[in-house]
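Here are some exercises to try with the structure open in your viewer. Have a go at each task before you read the solution.

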Amino acid sequence: MSLMILDKEALASMVNALTAGYASQGGAVIGPRAKGSQFVFEPISDPAHLRLDYDTSILPPKKALQPVEERLATYTMQGEPSIEAVIEAKPTVLLGVHTCDLHAIRLLDKVFSKDHPDAHYLKRREQTVIISLECLEPCDEHSFCKSMGTLTADEGYDLHLTDLGTAYAVDVATEAGEKLLSKYATAEEASEEDIGRLNQVLSAKWPKFTYRLDFDPAELPGLLSAAYDHPLWEELGERCFACGSCTNVCPTCYCFNVVDEVNMMRTEGERVRHWDSCQLDEFARVAGGENFREARSERQRHRFMRKGKYIYETFGELGCVGCGRCVRTCVASISIIDGFNTIHESV
Amino acid sequence: MTTSIYEPEMARLTKVEQIGPLEKLFAIELPDGRNLGHDPGQFVELSILGIGEAPISITSSPSRSNGSFELCVRQVGDVTNALHQMEAGDKVGIRGPFGHGFPVEKMRGKDVLFAPGGLGLAPLRSLINQVLDERSLFSRVIILCGAKRPEELLFRDELEEWVERDDVECHITVDRGNDEWDGHVGVITTLFPKVNINPRNTVAVTCGPPIMYRFVIMEMLGKGIPETQIYLSLERRMKCGVGKCGHCQINNLYCCQDGPVFNYADIKGIEEAL
């Protein structure tokens, strides 16, 4: 829609105004802040905590849209049992989202809208304004956003920030973004000179990032189709601890389980949805005892297939955005990049 | 968008009947006596508040709806154990019906061969009774039914009725007999040599324990039935029923949405299917 310029000081006061403004509506501003030597997406109450210079976050900002745990319904078991859905959505600003995670959110939007729309996700999404942030430096050697084409984004955000040194260039992409900006900040329209600076910054970043896949990711679905019986799966299965960390940190993983929780007196309870993982032993097990994906090798294969093939077949885009979190977190040092490259080499 | 796809509707158990060593038949009535509006082969998510939710195939046929539907449930997990403690009048949550059922319209005018094994009779019964209620629209009806032991044969009255009927060819077998059993003994595949079929004009349908499919399908193919005319209903952990939670994935398919009824030709190349 338009390109605006926001001084760094003006951004700080905007965050200040946003946190106050959203808190008064019962909402929140969620952004990156430090946790030990790492970073997490958490509600920002004090703008001084906001760390837009973060490299990557432990969990993806997805958790603001699909929480680790959320109530789906509350029920009473006393007398006539009854149950009522709960939609836990509140006005939210999701601030500082890197473009890899932005691509992931766009995929989740498709997932939760398809066929049977999921009101719990969609209502939350509807009330969320996304202010994303252009990465100008690679986070570490595990990310491969450049290979996956997620090093930048031209949609999926309301406002998009690019650090120009003393100010941010703000790409205003939606009406919601425009409204938020005019209400909470004083931004100026970008001048010719600003646009020149922006272009300079954007082209300067490109060579700093490395291609880590040895091939075009468009080949992934085809390569994986030919690799169903590849020895790699057995090898990964031997190393994998089936801990589920890789899927827990993945910005495009959305599988969940639903459990009933009850109070001490067993009179009332909640139906709660929480993240689940296809890497866990019981994921595909039915009550009768049959486990339809029993071996760890099959479960690792399933994860790779989901990321590089199955999700693509259903939604038209790859299920991996190259954020590198699964590689960073794996206790067994299983690398999806190495895995994809191995398959490319040998298929 | 404020309604949740995960909110069940509270429905009333109107009848509970023990029909197998671990199996009970439950008749369930939706509020206002509304029909469930299902296709044979579809399933519902049944929930018991405080315990959880489980996918259960619908065993009654749409042709016999009358304001209620039936589930045949084996007592085997948390939800089903709790359900088995319940009585007529108690309330359960229902979501659905979900998934793709059997393509009845493609079976009309054809010979229909049913091969249910054990509890696999539960989902197939919805189709068998639909076919029998529209008997004139189908050609031959052949039922080859197996169970582990005689006491595990479900819907005994109906099985006897099918055996008695002149317009149904029903053969029953058990893997192991007992003193009272004077019927056929042997696994379900041993019933296939008993029937002559016209393969081109036959649609075959099977459901049973996971181990059974490969062998039954081999018999069906051995009879010359084309792959495209074989249908299977598969069991998976269909937790959400709406293609989201991921537990029921069969490679790139979601059993709860793409199935639970599949055409054999469509899934024979899907490695995790059978």
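**Exercise 1. Work out the strand order of the sheet in chain B and find its edges.**

Solution. Keep in mind that this is a predicted model. Start by tracing the sheet: chain B has 6 strands in an open sheet, ordered 4-3-6-1-2-5, with antiparallel pairing. Next, look for strands that pair on one side only; those are strand 4 (52-57) and strand 5 (69-74) of chain B, the edge strands. Now check the twist: neighbouring strands here are turned by 40 degrees against each other on average, ignoring direction.

Then zoom in on one pair. Strand 1 (residues 9-18) and strand 2 (residues 23-29) of chain B run antiparallel and are joined by 6 bridges. For a concrete example, pick B:Arg12: its bridge partner in strand 2 is B:Glu29.

**Exercise 2. Describe the side of chain A that touches chain B.**

Solution. First get the head count: the contact takes 40 residues from chain A and 37 from chain B. Next, see which elements of chain A give two or more residues; among them are strand 4 (69-76), helix 3 (119-126) and helix 10 (296-315). The largest share, 6 residues, comes from strand 11 of chain A. Finally, sort chain A's side by class: 24 nonpolar, 7 polar and 9 charged.

**Exercise 3. Split chain A into domains and see how they meet.**

Solution. The domain assignment gives domain 1 (2-67 + 84-208) and domain 2 (217-346). Their C-alpha centres lie 27 Å apart. Across the boundary, 23 residues of domain 1 contact 17 of domain 2. On domain 1's side, helix 2 of chain A gives the largest share, 8 residues.

How values were computed
Residues are numbered from 1 along each chain as its sequence is written. Chains are lettered from A and ligands numbered from 1 in the order in which they are written. This is a predicted model: local features need pLDDT of at least 70, side-chain atom pairs count only at pLDDT 80 or more; totals for chains, interfaces and linings use all residues. Two strands pair if DSSP finds at least two bridges between them. Helices (H or I, at least four residues) and strands (E, at least two) are DSSP runs, numbered from the N terminus. Axes are lines fitted to C-alpha atoms, for helices over the stretch in contact, and angles run from 0 to 180 degrees between N-to-C directions. Two residues are in contact if their C-beta atoms, placed from the backbone, lie within 7 Å. Ala, Val, Leu, Ile, Met, Phe, Trp, Tyr, Cys and Pro count as nonpolar, Asp, Glu, Lys and Arg as charged, and the others, Gly among them, as polar. Domain bounds come from an automatic or database domain assignment.
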